[in-house]
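Hi everyone, thanks for coming. Today I'd like to walk you through one model and the ligand in it. Let me put it on the screen.

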Amino acid sequence: DRNMHQKLVEQNVNGIRMRALIAGSGPPLLLVHGFPLSHKMWLPQIEYFQSRHTVIAPDLRGFGESDISSGIVTMEQHARDLNSLLKELNIEDPVVFCGLSMGGYIAWEFWKHFADQLHALILCDTRADADSEEGVNNRLKMADLVLRHGPEAISTAMIPNLISESSQQKQPHISENLIAMIEAADSEGIAASQKGMAARSDYSNQIENIRIPTLFIVGSDDRLTPPEIMLRMSSQVPGSKYFEVGKVGHMAPMEAPEAVNREIDHFLTSSNF
Ligand code: MLT
C-alpha cells in the first residue's frame, strides 16, 4: 500500500504549528500550494513522485491543518516558514521547489533568501510581477468579504478562474475538491495571505538572474496567469524550459496530472536530480 509511505507530520515553525504530508525517500521535492488551497491539491504529484523522491507537501500558515496567524502574512514569511520546516525535518540537501501561483510568489522569496537550499525551480501558473493598483484593491475587497462572510462567499465564484471550461464539464470532482479545500480554509488565514499577496515584491526584473534549472508549466486556458506571461518569464530565465498543457486552466497539475507529472519527471531527470 503506497499510502503507508505517506505521513502527516507536525512541526513547530516560527511560532506556529505547521503540518505537512511527507512521502517516499530520495532527493527532496517541495510542493507549495496555491491560494486559498492546501497540500491536497498535489495528491496526484505526491502519488507519482514518492517512489523516487522525498516529497514534502506542507499546508502553508493559515491554510489546511496548519495554524493561522491573523493580520498580514507576507510571501517572505511563507518562504521563511518553509525554510524552517525543512530544517526541522532535517532535510539538508537543496530542494526542488515546485510552487503553483501563490506558491510561485513564495518561490521568488525562497530563491532570494535561501538560494543555498535550492537545487531547481518548477513554477506552475504564476507570475513574477506585482499587482496593479486595481489588483491590490480587489484583493483587499476579497479579504474583507471573507472576514465578514467566510470562505463560502468566494468558493464557488472562484471556480471559473481556477479551471478550464473543459475541466468543469468533464472532471466535476475537481471543482468539488477545490470548493472543499477553499471552504475548509480559515477566513483569517485567507485574508492574511491575500493581504500578503497584495504587498508582494516585483520580481520581473530579477528573474533574469536565476542560474539554476527552471521549468515553467502553464495551462493553455489559464485566465489568471496566461501562457503569454509564463512564456515571457521563460524567455527571461537563461536555459529554462517551458511547457504548456492544452485544454486546462490555472490548476494544471490537478487538471492534467499525467501530462504535468511526465514533464516534471523529464525535467528532474535532465537536471540531474
Ligand atoms: C493562486 O495561488 O492561485 C494565486 O494566488 C492567484 C492570485 O494571484 O490571487
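I'll start with confidence, go on to the ligand, and finish with two spots in the backbone.

First, please keep in mind that this is a predicted model. The average pLDDT of the chain is 96, and 99% of the residues reach at least 70. As for the overall scores, ipTM is 0.90 and pTM is 0.97.

Now to the ligand. Where does it sit? The space it takes up is the largest pocket. Looking around it, you'll find G34, F35, S101, M102, Y105, R139, M197 and H250. If you sort that shell by class, you get four nonpolar residues, three polar ones and one charged one.

Which atoms does the ligand's oxygen chemistry bring us to? Let me take three contacts in turn. With F35, a polar backbone atom lies 2.7 Å from an oxygen atom of the ligand. With M102, again a polar backbone atom is involved, and here the distance to a ligand oxygen is 2.9 Å. With Y105, the partner is in the side chain: an N or O atom there is 2.5 Å from an oxygen of the ligand. And how much of the ligand does the protein bury? On its own, the ligand would expose 260 Å², and 88% of that is buried by the protein.

Let's turn to the backbone, starting with F35, which you have just met as a contact of the ligand. The peptide bond leading from F35 into P36 is cis, and its omega is near -10°. P36 itself belongs to the loop that runs between β3 (28-32) and α1 (43-49).

The other spot is S101, one of the residues surrounding the ligand. Its phi is near 55°, which is a positive value in a residue other than glycine. You can find S101 in the loop between β5 (95-100) and α3 (102-113).

That's my tour. Happy to rotate the view if anyone wants to see the pocket again.

How values were computed
Residues are numbered from 1 along each chain as its sequence is written. This is a predicted model: local features need pLDDT of at least 70, side-chain atom pairs count only at pLDDT 80 or more; totals for chains, interfaces and linings use all residues. Side-chain values use heavy atoms; hydrogens and water are left out. pLDDT is the predictor's confidence in each residue, from 0 to 100. A residue is near a molecule or strand if one of its heavy atoms lies within 4 Å of it. A polar contact is a pair of N or O atoms within 3.5 Å; within protein, one must be able to donate a hydrogen and the other to accept it, and residues adjacent in sequence count only if both atoms are side-chain atoms. Accessible areas come from the Shrake-Rupley method with a 1.4 Å probe; for residues, only the protein chains shown count as cover. On a 1 Å grid over the protein atoms alone, a cavity is a set of points where a 1.4 Å probe fits but cannot get out, and a pocket is an open set with protein on both sides within 12 Å along at least five of seven lines; lining residues have an atom within 4 Å of a point. A molecule sits in a cavity or pocket if more than half of its atoms lie within 2 Å of its grid points. Ala, Val, Leu, Ile, Met, Phe, Trp, Tyr, Cys and Pro count as nonpolar, Asp, Glu, Lys and Arg as charged, and the others, Gly among them, as polar. Helices (H or I, at least four residues) and strands (E, at least two) are DSSP runs, numbered from the N terminus.
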